[in-house]
Amino acid sequence: MGKRKRGRSVKKNLNQNIESNELVQAPHSFVIHRGISGGDTLELTKDFRKVMEPFTASSLKERKKNTIKDFVAIAGPLHVSHLSIFSKTELGMYLKIMRLPRGPTLTFKIHNYSLARDVISSLKKQRVVDAAFKHSPLIVLNSFSGEGLQFKLMASMFQNMFPTLNLTNIDLNTVKRCVLMNYNPATKLIDFRHYCIKITPVGISRGVKKVVQGKVPNLSRCNDITEFFTKAGMMSESEAEDDPNNHVVLAQKIASRGNVESGKSAIRLSELGPRLTLQLIKIEDGLLDGEVLYHELIHKTEEEKEEIQRKREQKRKLKEKRKKVQEANKKAKDELKQKLKDQSLKGMRKDTQNESNTELEKDDDAQYYKEDVGEEPDKDLFSGSTGVKRKHEPLRYKNKKKSDSINQKNRTNQNSMNKGNRRMNKFNKQNTNNNL
């Protein structure tokens with residue numbers, strides 16, 4: 001047999017309590033899918049996990065038997081603060097974003113979507129940097145300042161899904177991605193976009209930029225190196241397209257060639273995907289339950305709201321009453337169990353005490369005999385047993401086949417004897433008749 005492997009000791013585990021305070025306080029998320037399987041639901045879930053990196057469970061394995069309570073139960077130890085669920089029904093696809101562990105829950109309907117692979121394949125210049133996903137993206141909200149509770153809740157939910165940025169000590173080298181969410185008041189739709197941020201130097205020719213960025217220039221059409229730098233029309237291909245609003249002065253040194261501190265650079269965005277067009281449908285106070293704070297399609301009167309609130313209060317009181325009854329029953333069972341345990345222990349102690357008293361009585365009888373007679377008693381005189389061991393005899397079982405064969409033989413002999421007796425009786429009768 002192989003040697004059994006022992007588990008890791010908690011006291012000797014070096015991986016515990018090594019997370020920094022900043023990492024613990026950062027918002028973490030779970031992204032799962034529910035409902036009808038098939039279609040692009042699974043791919044869209046994976047793309048949204050990519051957006052939420054690095055503070056999300058990228059390789060989360062979910063099963064059909066897993067419930068929302070399972071994810072809520074493990075959310076606390078893993079510092080998970082948000083849960084996003086992509087679900088598909090016969091009416092369409094939905095996205096539910098909820099704050100753990102007590103809500104609220106925002107339900108969006110997905111009108112249109114494009115997967116990340118489709119977005120990247122449609123670009124002329126595809127740029128996907130794996131190092132950009134090591135840091136959380138920058139969230140940008142547009143037109144979420146309208147009047148109404150739904151705007152405040154949406155803005156608060158989207159902002160709290162990503163870590164907050166401290167402008168005083170932020171490192172610009174960690175800002176590699178951007179999430180843009182634009183609300184259209186006319187259509188009440190939200191456009192979700194995911195971009196990669198690239199910073200390029202401006203104000204220099206194309207030749208200088210190539211040399212600065214470490215690219216090998218093509219000098220086949222130039223007579224001299226100076227002609228390569230001074231030739232007209234050698235500006236960057238996108239220099240004329242850049243909007244002056246995209247030009248910024250860098251306050252820090254960027255880890256890229258051509259961008260220097262206090263120098264002018266341009267910010268360019270390259271879309272990573274996915275694309276989503278969302279519409280807010282419902283806001284619930286609890287975790288997939290509770291009072292409906294906002295509904296886009298259903299509007300109730302004050303009387304209907306009061307009736308719903310009354311029924312919810314009755315349901316809550318009934319639940320509390322059942323819980324108290326269950327706790328009382330459990331307490332009574334525990335008390336009965338403890339009582340039976342005490343009685344059993346008391347009986348065991350009593351038996352032990354009786355055995356000890358019997359031993360003392362045996363010792364006293366031997367002492368009395370010694371004092372009266374003046375010599376030691378025999379070994380088996382005051383013992384309960386005779387002292388003679390019984391010879392051990394193994395159990396013997398009858399052989400069923402052998403006994404069956406013996407019984408069959410006995411029956412055969414008995415039948416043969418009966419036949420012989422019948423023949424003798426018949427023969428005696430014939431002789432008697434002949435004599436007469």
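## A buried acid and its partner

Glu62 counts as buried, since its relative accessibility is 18% and the cut-off for a buried residue is under 20%. This value, like the others in this report, is computed from a predicted model. Glu62 takes part in a salt bridge with Arg49, in which the closest N and O atoms are 3.6 Å apart. The two residues belong to separate parts of the chain: Arg49 is in helix α2, whereas Glu62 is in the loop between α2 and α3 (68-75), so the salt bridge ties together parts that are 13 residues apart in sequence.

Is Arg49 buried or exposed? Its relative accessible area is 7%, so Arg49 is buried. The pair also belongs to a wider arrangement, because salt bridges that share partners join Arg34, Arg49 and Glu62 into one network.

## Helix α2

Helix α2 covers residues 41-52, which makes 12 residues. At 1.5 Å a residue the helix should span 16 Å, and its end C-alpha atoms are 17 Å apart, which agrees.

Which residues of α2 are buried? They are Thr41, Leu44, Thr45, Asp47, Phe48, Arg49, Val51 and Met52. Among these buried residues are Phe48, Val51 and Met52, and these three names appear again in the lining of the largest cavity.

## The largest cavity

How many cavities of 30 Å³ or more does a search of the whole structure find? The search finds two. The largest cavity holds about 70 Å³ of space. Its lining consists of Phe48, Val51, Met52, Leu95, Ile97, Phe158, Met161, Phe162, Val179, Met181, Phe192 and Leu278. Two or more of these residues come from each of the elements α2, β3 (93-99) and β6 (177-184). Helix α2 gives the largest share, namely three residues.

The chemical character of this lining can be stated briefly. It divides into 12 nonpolar residues, with no polar and no charged ones.

## The second largest cavity

The second largest cavity has a volume of about 50 Å³. The residues that line this cavity are Pro27, His28, Ser29, Met52, Glu53, Phe55, Ser136, Pro137, Met161, Phe162 and Pro163. Met52, Met161 and Phe162 are named in this lining and also in that of the largest cavity.

How many residues of this lining are nonpolar, polar and charged? Seven are nonpolar, three are polar and one is charged. Glu53 is one of the lining residues, and Glu counts as charged. By contrast, the lining of the largest cavity has no charged residue.

## Further salt bridges

The count of salt bridges in the model comes to eight. One of them links Lys282 and Glu284, with the closest N and O atoms 3.9 Å apart; this distance meets the requirement of lying within 4 Å. Lys282 is partly exposed, with a relative accessible area of 24%, whereas Glu284 is buried, with a relative accessible area of 9%.

Another salt bridge joins the side chains of Arg316 and Glu320, at 2.6 Å from N to O. Where do Arg316 and Glu320 lie? Both are in helix α8 (residues 302-373), four residues apart, which is about one turn of the helix. Arg316 has a relative accessible area of 38% and is therefore partly exposed. Glu320 also counts as partly exposed, at 38% relative accessibility.

Terms used:
Residues are numbered from 1 along each chain as its sequence is written. This is a predicted model: local features need pLDDT of at least 70, side-chain atom pairs count only at pLDDT 80 or more; totals for chains, interfaces and linings use all residues. Side-chain values use heavy atoms; hydrogens and water are left out. The expected span of a helix is 1.5 Å times one less than its number of residues. Buried means under 20% relative accessible area, exposed over 50%, partly exposed in between (1.4 Å probe, protein chains only). On a 1 Å grid over the protein atoms alone, a cavity is a set of points where a 1.4 Å probe fits but cannot get out, and a pocket is an open set with protein on both sides within 12 Å along at least five of seven lines; lining residues have an atom within 4 Å of a point. Grid points are joined across faces, edges and corners, and a volume is the space filled by probe spheres set on the points.
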